[in-house]
Each structure stands twice: as structure tokens, then as C-alpha cells.
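Visitor: Could you take me through one part of this model closely, and explain how its pieces are arranged?

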Amino acid sequence: MGTYFGILDATSNWLESQGLPRHAGDAFLRQMVLGLNHTARSKPALSFDELISEHSTKGGLNEQVLDDFRRFGGIAALLEALNHVLLRIRPMEGKKP
């Protein structure tokens, strides 16, 4: 999904703007998502909400980023984008051509 890589690219750009060399930021992000992918695949019985809890220390940085993502409209933007996709792919129900 392009969105997934777009988020990684934006994060890598931000890390670079904070002084981290691009190759180091990219390497860190690739390892991080590899580890998260492994966790998601190795714990199929856990819900995504449970995985969020498992990877967010109360009062920690991960919890802060998710809270800010939600507060600043990240979830709303994602849902709006998904709704736009649904409008494109859903058949025109009950409408005559």
C-alpha cells in the first residue's frame, strides 16, 4: 500500500530534518516495521487494539504519538480516504444507467 510507504517516507523525512542521516533513519524504520510485522504475524489471536496496548507504554512516546495522530485528525483522514475508495468501487446500487 502506498499509504504505508508514504507514512514511512514522511517519518524518514522528519528524522532527516532533525539531523539523522537519511540512511540511518531508513534503516531504523525498516527494522521497526519488520519487528512489528513479525509480532502481528506471530500473535494472530490478539486484536489490533491489544497489539496497540502491548506496544504503547502508559505515558510513553508510542502512546503520545498515537494520541496525537488521533487528535490531529489522522484517523479521520484515513477513514475519509477509505470512504472515497468505497464510493469508487461500490456498485451503483439501485441506480439506472
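**A close look at helix 1 and its partner**

Guide: At a relative accessibility of 39%, tyrosine 4 counts as partly exposed, because that value falls between the limits of 20% for buried and 50% for exposed. The model is a predicted one, and this should be kept in mind throughout. Tyrosine 4 has its place in helix 1, and its C-alpha atom is separated by 21 Å from that of proline 21, the two residues being 17 apart along the chain.

Beside this residue in the sequence is the partner of its ring. A pair of aromatic rings is described by the distance of the centres and the angle of the planes. The count of aromatic pairs comes to 1: the rings of tyrosine 4 and phenylalanine 5 have centres 5.0 Å apart and planes at 85°, and since an angle over 60 degrees counts as edge-to-face, the pair is placed in that class. Phenylalanine 5 has a relative accessibility of 52% and therefore counts as exposed, the limit being 50%.

Glycine 2 also lies in helix 1, and with a relative accessible area of 61% it is exposed. Its C-alpha atom and that of proline 21, 19 residues away along the chain, are separated by 23 Å.

Tyrosine 4 also takes part in the packing of two helices. Two packed helices are described by the angle between their axes and the distance between the axes. Helix 1, residues 2-17, packs against helix 2, residues 22-42, at an angle of about 140°, and the two axes are 9 Å apart. Helix 1 and helix 2 are therefore oblique to each other, because angles count as roughly antiparallel when over 145 degrees. The crossing of helix 1 past helix 2 is right-handed. On the side of helix 1, the contact is made by Tyr4, Leu8, Asp9, Thr11, Ser12, Asn13, Leu15 and Glu16, and on the side of helix 2 by Arg22, Gly25, Asp26, Leu29 and Val33. Sorted by class, this contact of helix 1 with helix 2 has 5 nonpolar, 4 polar and 4 charged residues.

One further residue of helix 2 can be described here, namely threonine 39. With a relative accessible area of 15%, threonine 39 is buried, because the limit for that class is under 20%. When its neighbours within four places in sequence are left aside, threonine 39 is in contact with Leu51, Glu54 and His55.

Terms used:
Residues numbered from 1 in each chain as written. Predicted model: local features only at pLDDT ≥ 70, side-chain atom pairs only at ≥ 80, totals over all residues. Heavy atoms only, no water. Axes fitted to C-alpha atoms, helices over the stretch in contact; angles between N-to-C directions. Helix = DSSP H or I, 4+ residues; strand = E, 2+ residues; numbered from the N terminus. Parallel < 35°, antiparallel > 145°, perpendicular 65-115°, else oblique. Left-handed = near helix turned anticlockwise from the far one by under 90°. Contact = heavy atoms within 4.5 Å. Nonpolar A, V, L, I, M, F, W, Y, C, P; charged D, E, K, R; others polar. Phe/Tyr/Trp six-rings, centres within 6.5 Å; stacked < 30°, edge-to-face > 60°. Buried < 20%, exposed > 50% of the residue type's maximum accessible area, 1.4 Å probe, protein only.
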